[in-house]
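User: I would like to learn how to read surface exposure in a model, starting from one residue and working outwards.

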Amino acid sequence: MLEKLFKLKDNKTTVRTEIIAGLTTFMTMAYIIALNPNLLTNFGAEGTDLWNGVFMATCIASAVGMFVMAFVANKPFAMAPGMGLNSFFAVVVANIAVMTNLTYLESFQAALCIILVEGIVFVVLSVLNVREQIVDAIPLGVRLGIAPAIGMMLMNIGIGSNAGVYSDKGGPFYVMRDFFGSLTAGLAKDTMGSGYAQMVLSVVTMFVGLFVIVILAQKGIKAAVILGMLVASVIYWIGQFLFLHTNPFASLTTASFLPPVKDMANTTLFKFNFSGFAQIGGFTIVTLIVTFCIIDMFDTIGTLVGTASRAGMLDKNGKMPQMKEALLADAVGTVVGSATGTSTVTTFVESASGVEAGGRTGLTALTTGIVFLACMFIAPIAAIIPAAATSSALIYVGVLMLTGLKNVHFDDMSETVPVALMLISMPVSGSIGHAIGIGLIAYTIIKVFTGKAKDVSVLTYVLSLIFLLKFFLVA
């Protein structure tokens, strides 16, 4: 049955490989289950009921998006409320509260109307193939740079900001900035105070996990990524016991394993505040919808193209089969997210870890989606996976995605400059979409002023103009 559904033999994979890949993807993105409700509720400051509602919405909307990805597109990509977009959503909610004098919850429910409209727009655009045409409008040279740029961003997340440490001296403190960025160990210790021991443990965990993954991968072991993460987790847990004198499993003794369905029903489930939405004002509503659409569209496109490139899923023209269906998955996930109570659902860049573990079909996405649903019951278990362990996987996958640079024609400056700008702007901005926009603008300007304006398609001109307006006119 699974063979018939997912065409495993045609994709040169097995049930075991796909399930391992799905679990690997989940482990690298499990952080979103708790982080998303934290970001959307000011880390619980807006009440436990709303936090629980967003938590449930995160699990449900992510799973639904992945099920569409699995059964309609048959691709191994995972989905969840997008990072960056959720922070922007939280800012929008706070601004609505100030503009309208509504409570945070009422403003939250008004903002969900924006996400609903965005999701419906994307469903229509996906069905009409408009989003696929936008993918095709991205020049091949720019497309070739997306995967390496995502690799840089993954490495930045992994070694730069994933293992943040808090202490009596504040925080978060990061590996590259506060540990390796310090001139001496003594200076780093003074800067981080009581968090220094945890930082050392995080660094050791991160690199041991990375080297275990590399060694196992070199030996041809398919489960290298997930095994490396498990080894890293065990090291971190032991370190917590021996050096930090804390019990990493303490939270499990008091945690509730019952899904807070009632809280979601009371706060976010189909709780669209259309009257509050109308109070925002027509121009502001249009601006917000367009902004969400632009960021989401190019974040998703970039992740799909970049990860598919690494997996060898693109044809000779740089196109991915079933792109329309894959784009439809995040649109459906976004609509479900608005109805259940979370921000825009998009394809997650951490999908690359599952692809690297051998995931090639929708069975990988299905596995990840099932675990997300299970997290409504086992969230406390997912929460004990240390950030340093996920960093090991992200760094490794990031390095592998850099190999895509070999396909870039470095003797052509109209290709080299956009790729170089994407390589630096993606990790710095934290946005795949913004980096693609910068790449498109650079490509268009170079072509136009070197007498090759005819090489640029009409849609590429339009996209470049849209990004220029976005960067300079839309706050």
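User: Does Val15 count as buried, partly exposed or exposed, and why?

Analyst: This is a predicted model, in which local features need pLDDT of at least 70, side-chain atom pairs count only at pLDDT 80 or more, and totals for chains, interfaces and linings use all residues. Residues are numbered from 1 along each chain as its sequence is written, and side-chain values use heavy atoms, without hydrogens and water. Buried means under 20% relative accessible area, exposed over 50%, and partly exposed in between (1.4 Å probe, protein chains only). Val15 counts as partly exposed because its relative accessibility is 31%.

User: Which residues form the nonpolar patch on the surface?

Analyst: Patches are made of residues with over 30% relative accessible area and no salt bridge (a side-chain nitrogen of Lys or Arg within 4 Å of a carboxyl oxygen of Asp or Glu), with nonpolar side chains (Val, Leu, Ile, Met, Phe, Trp, Tyr) joined within 5 Å. Here Met1, Leu2, Leu5, Val15, Ile19, Leu23, Phe71 and Val72 form such a patch, with about 700 Å² of accessible area together (Shrake-Rupley method, 1.4 Å probe, only the protein chains shown counting as cover for residues).

User: Which element gives the most to the nonpolar patch?

Analyst: Helices (H or I, at least four residues) are DSSP runs numbered from the N terminus. Helix 2, where Val15 lies, gives the most, with three residues; the elements that give two or more are helix 1 (2-6), helix 2 (15-29) and helix 4 (48-73).

User: What share of the 475 residues in the chain is buried?

Analyst: Buried residues make up 55% of them, while the accessible surface of the chain comes to about 19,300 Å², with 68% belonging to carbon and sulfur atoms.

Key: Patches are made of residues with over 30% relative accessible area and no salt bridge: like charges are joined within 9 Å, nonpolar side chains (Val, Leu, Ile, Met, Phe, Trp, Tyr) within 5 Å.
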